[in-house]
Amino acid sequence: MTAVTKRNKWEIWRDVIFALFAREIRTGFNDKLGLSWAIFNPVIFIFVLSFLRGRLGGEETHTIPTFTFMAIGILFIQSFLQTMNGSSRAIMRNKALFAFRQVQPISAVIAGALFELLVKIFVITGIIIIMYFMGMDLKVSNPLLFLACFFQLWLFAVSLGLLFGIAEMFIQEISKVKDLLTRPLFFISGVFFSLQDFSQEYWRYLDWNPVLHAIELARYSVHSTYGNEGVSLQYLSCSVLIFSFAALAIYHVSWKQAISR
């Protein structure tokens, strides 16, 4: 006689997220290039921009190798933008599945965010391997600070993605506004130029951006000689906490109305 196993609500939620995560992997890597393109694309981008940055500022940028400077900047900004976009699209993309009582929008957002996190872990591993074979310095002065910056930025992107995803269920044009708002981030988050490249009188116009704090602190965590003047881990953590709380609160009061539209 077949035994029937009863699952509690947490086990059901875990299984739903895993199923959606597996679905993200199948749809994300279903072409011929698959995961290899997800790694080679940012690596090629980093090499090209590092070469251009090196032509402007030499092999070192503010005491750290230009390749490391650009690699951290590009990896962090791509991680932020792709995680936010993936999380916000997950709700609309899986809308048909919400007819099942066990599947809720937050499960789709978590699955999409975990997929983007998995891709970025592969990319970071690939870059570390390339740097090893190129004989580049792989020492990290403060690994815990680097991980704190990376995962806080990921959580910040998930929170914003959840907010935009809920908003898009009410107003689809929000996605176009989101693209317009996030486009300048590539240029004002310290990817190409450090905060130290600007005069201190202009720092107050750039310091509101938590992404800038994450990127600059990550560079400082790798090479302590880079310095952390003008940026703050406390500001980054407070920003992540506020946006995470706001995203969960808005989701809690509006997700049923959002999927019924």
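How many salt bridges does the structure hold? The model, which is predicted, holds four salt bridges. Three of them are described here, followed by a helix and a single threonine.

In the pair formed by R14 and D15, the closest N and O atoms are 3.4 Å apart. R14 is exposed, because its relative accessible area is 51% and the cut-off for exposed is over 50%. D15, at 28% relative accessibility, counts as partly exposed.

A second salt bridge joins E168 to K178, with 3.6 Å between the closest N and O atoms. This pair links distant parts of the chain: E168 belongs to helix α5 and K178 to helix α6, which covers residues 174–182, and the two residues are ten apart. Both E168 and K178 are buried.

The third pair is E216 with R219, whose closest N and O atoms lie 2.8 Å apart. Both residues sit in helix α9, and because they are three residues apart, about one helical turn separates them. E216 has a relative accessible area of 3% and is therefore buried. R219 is buried as well, since its relative accessible area is 0%.

Helix α9 (210–222) also appears in the surroundings of another helix, α10: together with α4 (105–133) and α5 (143–170), it is among the elements that cover the buried residues of α10. Helix α10 runs over residues 233–259, a total of 27 residues. From the first C-alpha to the last, α10 reaches 36 Å, close to the 39 Å expected at 1.5 Å a residue. Where does α10 bend? The bend is at V253 and amounts to about 50°. At the N-terminal end, α10 is capped by S232, which places a side-chain oxygen 3.2 Å from the backbone nitrogen of Q234. The buried residues of α10 include L236, S239, V240 and S244. Further along, A247, Y251, S254, W255 and A258 are buried too.

The last stop is T66, in helix α3, which spans residues 66–93. Is T66 buried or exposed? T66 counts as buried because its relative accessibility is 4%, and the cut-off for buried is under 20%. Its side chain makes a polar contact of 3.0 Å with the side chain of T61. Leaving aside residues up to four places away in sequence, T66 touches S50, R53, G54, G58, E59, E60 and T61. T61 is thus listed among the residues that T66 touches and is also its side-chain polar partner.

Methods
Residues numbered from 1 in each chain as written. Predicted model: local features only at pLDDT ≥ 70, side-chain atom pairs only at ≥ 80, totals over all residues. Heavy atoms only, no water. Helix = DSSP H or I, 4+ residues; strand = E, 2+ residues; numbered from the N terminus. Expected span 1.5 Å × (residues − 1). Bend = angle between axes of the 7 residues up to and from the residue. Buried < 20%, exposed > 50% of the residue type's maximum accessible area, 1.4 Å probe, protein only. Contact = heavy atoms within 4.5 Å. Polar contact = N/O pair within 3.5 Å; in protein donor to acceptor, adjacent residues only side chain to side chain. Salt bridge = Lys/Arg side-chain N within 4 Å of Asp/Glu carboxyl O.
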